[in-house]
Amino acid sequence: MPRYLYFRPTNAGNARHPLLAHLDACASRAHIAELHGRLIRAHLAPDPAVAGRLVALLASPAAGHDMRCARRVFDGMSNPNAPVWNCIIRGYTSRRAPGEALATFRDMVRRGVAPDNYTMATAVSACAAADGWAWEWRAAGDAVHAMVRKIGSAADLFVMSGLVKLYGTFRSVEDARKVFGEMQERDVVSWTSMISAFAQRGMWDDALRFLAEMQADGVSPNKVTIINLLSACGHGQAVDRGRWVYGHLSEYGIEADVDIGNALISMYAKCGCMSDALEAFKAMPTRNTKSWNMLIDGFVQNQKHKEALTMFEEMLSTDFNPDAVTLVTVLSACTQLGDLQQGRNLHSYIRSREIYCDAILLNSMINMYAKCGDMAAAEMVFQTMKQRDVVSWTTMVCGYVQGRQFTAAFIFFEEMNVAGIVASEMALVSLLSACSQLGALDKGREIHAYIEEKNIKRDVFLESALVDMYAKCGCIDMAAEIFSKMQHKQTLTWNSMIGGLASNGHGKEAVQLFDQMLKFGDPKPDVITFKTVLGACAHVGMVNEGLRYFHSMSSFGIAPDIEHYGCIADLLSRAGLLEEAFEFIKKMPIDPNPIIWGSLLSACRFHHKMDLVRKVRQHIINVAPNDVGTHVLISNLHAEGGQWDDVQQIREQMGSRGIEKSPGHSSIQV
């Protein structure tokens, strides 16, 4: 948590000007914006001291961390000092933009501005706010730690406490313990960070030992300690430990206020114990909007979307008004349920209450409409946005592809380019999927060229989409080239390549690639992999291999479904093993569908096994008694074999059931 006040430079060169007296009184974004304009008109804004104070204000909570305006003022300064740099770095960290914070910190060092303890504490905080699992953030944290030693900040309590928290975020307990041991003095924050580091790793004996040592050292745990422990219990799914921590509050002389209550709800929700979370919520003597948000979000995260909507309706009946977080969560519940009407009702509520919609809320609304299939409403919300980000464009593109409105998806992609927005990996994967479904090779090549031109990072999903697009568009050599160069392949990648080879007449190569996948052992084949390879075996007549693969499915924890059984029936039928296919179908643990029986009938026709038609026909008629196509197929088979009595019997059955063959017709578009 921030432990430094935002810097407010003093002694402006125009200190006597009456406008400057208002700087310290600004308490809202609108007030700051108005004062900024007046300072510009009064030619005071260029003054270094005034500009520094403006940067501090714009990057502060009062302005909602308006980093765009803060950065504009900052970049206009010829030689900002360390406190002003600190404001910008802290602002980015508070705005949850640690990458920008660290980039600014590096720029500060490159420009020869000496960082102070405040700078280092802020840089450490930025590293801790990033994704602790990514190696590049760990490297950045180590570099900042090295600079802490270099400039002599290792004696600063705040900096060292931040480093303990930083290594705890990286789950590097030994490094955190080493920094903790080097500290000349410790406060409740440093103890709490160390205890939290142990708890996050599930090292509860060490966490409780440090909790005792903390008290023995004369430092009492506070509610932040408890909240951190409950948070660690939630992340570690340690619900029993969480109950224990909460049960010992009185021992530490800590009152269970609304913040601790919220942490308890969050812990239960992350552990999947929503009945306990609801009970804890109801037991709270006082609640705030965050309490409702925690509970509603917990239901959504645990796939209990209807319960989330019920709690939202209950919230509306109280004195609490939902905020943007509530509305985004409830929109997510509507999206997951596919409940368009509830989503529309929520949209009407937002409009009727004139609730301010930021980009996150508007994007959530677009996503709800898109996932629920109302692209007209999604586009209406999109068009009302004053500022659209890459998420807005991506949601629209993906929504149109999902709704098979491919032309609209490509139009939006072109408009995105005109707007200067670089498409996200998700949007490109979605567009490549559209090309695959359309067989639009030229469009797919355009998107591939776009990926190369924009130097877009090609993750496994994007590369797999390229493989799939080229394979389904018949360009199997290009698909194979991309596949062979991929460093990391997931199951979906192998599926795309195996399926592409099979569908392009390379069944044997598809089977060989599947064997190669099995040899590697990771990733493992899934349901789709087996459907693909069994289909390939059927097309090239590899009966023994197909049966072997089919019987090996259980070793991968996969139970064959109707499509797998259909593949084996097709495999045997194509190979002329019709009696074996007939017996296989009869012994299936799943009731065979008309498609499987129809496949066998077609094979009887091809292999002139008319004696088997009579055995099969009763089975297929029982499955599809009113299907006109089935009756006509059987009638035609008997007619080809000269079995006219059977033809007459089939036609009489059709007449008695009122089944009529529609007359054929042709049409031509002029």
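Which side-chain oxygen reaches to within 3.1 Å of the backbone nitrogen of Ile 528 at the start of helix 30? The oxygen belongs to Asp 526. That's a polar contact (a pair of N or O atoms within 3.5 Å; within protein, one must be able to donate a hydrogen and the other to accept it, and residues adjacent in sequence count only if both atoms are side-chain atoms).

Before going on, know that this is a predicted model: local features need pLDDT of at least 70, side-chain atom pairs count only at pLDDT 80 or more, and totals for chains, interfaces and linings use all residues. Residues are numbered from 1 along each chain as its sequence is written, and side-chain values use heavy atoms, with hydrogens and water left out.

**Helix 30 and its surroundings**

Helices here are DSSP runs (H or I, at least four residues; strands are E, at least two), numbered from the N terminus. Helix 30 covers residues 527–540, and its 14 residues should span 20 Å at 1.5 Å a residue. The expected span is 1.5 Å times one less than the number of residues. The end C-alpha atoms are 21 Å apart, which agrees.

Residues of helix 30 that are buried (under 20% relative accessible area with a 1.4 Å probe, protein chains only; exposed is over 50%, partly exposed in between) include Phe 530, Val 533, Leu 534 and Cys 537. Among the elements covering the buried residues are helix 28 (491–503) and helix 32 (562–574), where contact means heavy atoms within 4.5 Å. Just after helix 30 comes Gly 541, with a positive phi near 70°. On the other side, the loop between helix 29 and helix 30 holds Pro 523, which is joined to Asp 522 by a cis peptide bond with omega of about 5°.

**Repeats from the record**

An unreviewed UniProt entry annotates "repeat: PPR" at several spans, including 288–322 and 526–560. Such positions use the numbering given here, feature names are shortened, and annotations may be inferred rather than shown by experiment. Here are those two spans:

| Span | Helix | Strand | Distance between end C-alpha atoms |
|---|---|---|---|
| Residues 288–322 | 71% | 0% | 10 Å |
| Residues 526–560 | 69% | 0% | 11 Å |

**Aromatic rings**

A search of the whole structure turns up 21 aromatic pairs. Rings of Phe, Tyr and Trp (its six-membered ring) pair if their centres lie within 6.5 Å; planes under 30 degrees apart are stacked, over 60 edge-to-face, and the rest tilted. The centres of Phe 180 and Phe 210 are 5.6 Å apart and their planes sit at 55°, so this pair is tilted. Phe 180 is in helix 9 (residues 173–182) and Phe 210 in helix 11 (residues 204–216), so the pair ties together parts 30 residues apart in sequence. Both Phe 180 and Phe 210 are buried, and they form one aromatic cluster with Trp 191 and Phe 198.

**Cysteines and odd backbone spots**

How many disulfides does the structure hold? Zero, counting pairs of cysteine sulfur atoms within 2.5 Å. For Cys 273, the nearest cysteine sulfur is that of Cys 271, 5.7 Å away. Cys 273 counts as buried, at 17% relative accessibility. For Cys 334, the nearest is the sulfur of Cys 372, 7.3 Å away, and Cys 334 is buried too, at 1%.

Glu 354 isn't a glycine, yet its phi is positive, near 55°. Glu 354 sits in the loop between helix 19 (340–352) and helix 20 (359–371), and its 71% relative accessibility makes it exposed.
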